[in-house]
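Trainee: Could you walk me through this one before I head back to the bench? I'd like to get a feel for how its parts fit together.

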Amino acid sequence: MSRRLRLCVFGVGALGFAALLVWGLAGLASFGEFDGRYGQLLAHLTVPERKATSSISVTTFDFRGVDTLGEEFILFTAAVGVLVLLRIQRAGEDVAAEPARTRRPTADSKTLRSIAAALVGPVLVLGLYIVAHGHLTPGGGFQGGVILMTAFLLIYLAGTHLHMGRARPLDAMEISEALGAAGFALLGIGGMVLAGAYLQNFISFGMVGSLLSGGVIPLLNVSVGFEVMGALLVVLAELLDQRLLMRRDHR
Amino acid sequence: MTAVQAVALIVVAFGGTAVVLARDPARQALVASVFGLSLAVLFLAFQAPDVALSQIVVGAVALPAMITLALRKVQRREEAQGDER
């Protein structure tokens, strides 16, 4: 197919696509206007029904809790899949399963290492804050979990390995991932046993605006936080390990 | 539409194009990270702080980190295979 013909085909496709796009956009509500009944309902029900101030958290963890359960297990299975693939590869590469335990700094740049070391504390606190306040302000387990993962990534960048001596953080991460995933499911079953429906709230809602309000929503946030942090860290550690192993072999 | 929203939209449009135009994958991961950050600003300007937070942590941190690590791994493997030949 000549270049010219290809351009013609592309032009016809692009024009058609543009026409469809314009047609679709023309039917939209005007900018800034929203008249979805469901959205309005959720926004108005959040505080009186669940005593939590973040309607997004209430929607994802309560009104649509089962959706979130599915999403959490998508991440869980994806992480497990990546782990299985990477570990099979490692076995095939005939390299010792134990990671390199040298005390050599991971990064050579002193600036990078000091900035990373200085950021670990604040990032850790921010992550915990985001997880714990998910039902009050924007944020929650997913966002906070990734921020917590970043704190551990910073420790790695600051010059210490994720694997050191007999303390096996990898095991802790795997446990964190599994416990987080199981915690969500078990909280749901708790609702089934104590309140009659899966993921239904079974503890006191508390006072609007306090840290312990919103029933099980903060607990769900914490378990999601652990799960997300564990899943990402396990994958990261696995990728970093492989890199370290490769580097060691080359010398 | 406020000025902030308009500026954020324009920055995102340019950022997305920049990601496509960066051909080197490692460089592309970094550009994508900046693009993710500008998307987060856009979401914030449109009053979706929850989505903005997710966008910051996933688009600006987690995704580029995973891409660079995966790239590193692939490159190492290619080098190792090159040595064997």
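Mentor: Sure, but a quick definition before we start: Ala, Val, Leu, Ile, Met, Phe, Trp, Tyr, Cys and Pro count as nonpolar, Asp, Glu, Lys and Arg as charged, and the others, Gly among them, as polar. Also keep in mind that this is a predicted model.

Trainee: Got it. Which class, nonpolar, polar or charged, has 23 residues in the lining of the second largest pocket?

Mentor: That pocket has a volume of about 730 Å³, and 36 residues line it. Both chains contribute: α3, α4, α6 and α8 of chain A and α3 of chain B each give two or more residues. Split by class, the lining has three charged and 10 polar residues, and the 23 are nonpolar.

Trainee: Which residue of chain B lies among those nearest the centre of the second largest pocket?

Mentor: From chain A, the residues nearest the centre are A:Leu75, A:Phe142, A:Val228 and A:Leu232. The chain B residue listed with them is B:Val58.

Trainee: How do α5(A) and α6(A) run relative to each other, roughly parallel or roughly antiparallel?

Mentor: Their axes are 8 Å apart and pack at an angle of about 160°. Angles over 145 degrees count as roughly antiparallel. So α5(A) and α6(A) are roughly antiparallel.

Trainee: And how many charged residues are in the contact of α1(B) with α2(B)?

Mentor: Among the residues that meet there are B:Leu9 and B:Val12 in α1(B), and B:Phe35 and B:Leu39 in α2(B). The contact has 14 nonpolar and five polar residues, and the charged ones number: no charged.

Methods. Residues numbered from 1 in each chain as written. Chains lettered and ligands numbered in written order. Predicted model: local features only at pLDDT ≥ 70, side-chain atom pairs only at ≥ 80, totals over all residues. Heavy atoms only, no water. Contact = heavy atoms within 4.5 Å. Helix = DSSP H or I, 4+ residues; strand = E, 2+ residues; numbered from the N terminus. 1 Å grid on protein atoms, 1.4 Å probe; cavity = no way out; pocket = protein on both sides within 12 Å on 5 of 7 lines; lining within 4 Å. Points joined across faces, edges and corners; volume = space filled by probe spheres on them. Axes fitted to C-alpha atoms, helices over the stretch in contact; angles between N-to-C directions. Parallel < 35°, antiparallel > 145°, perpendicular 65-115°, else oblique.
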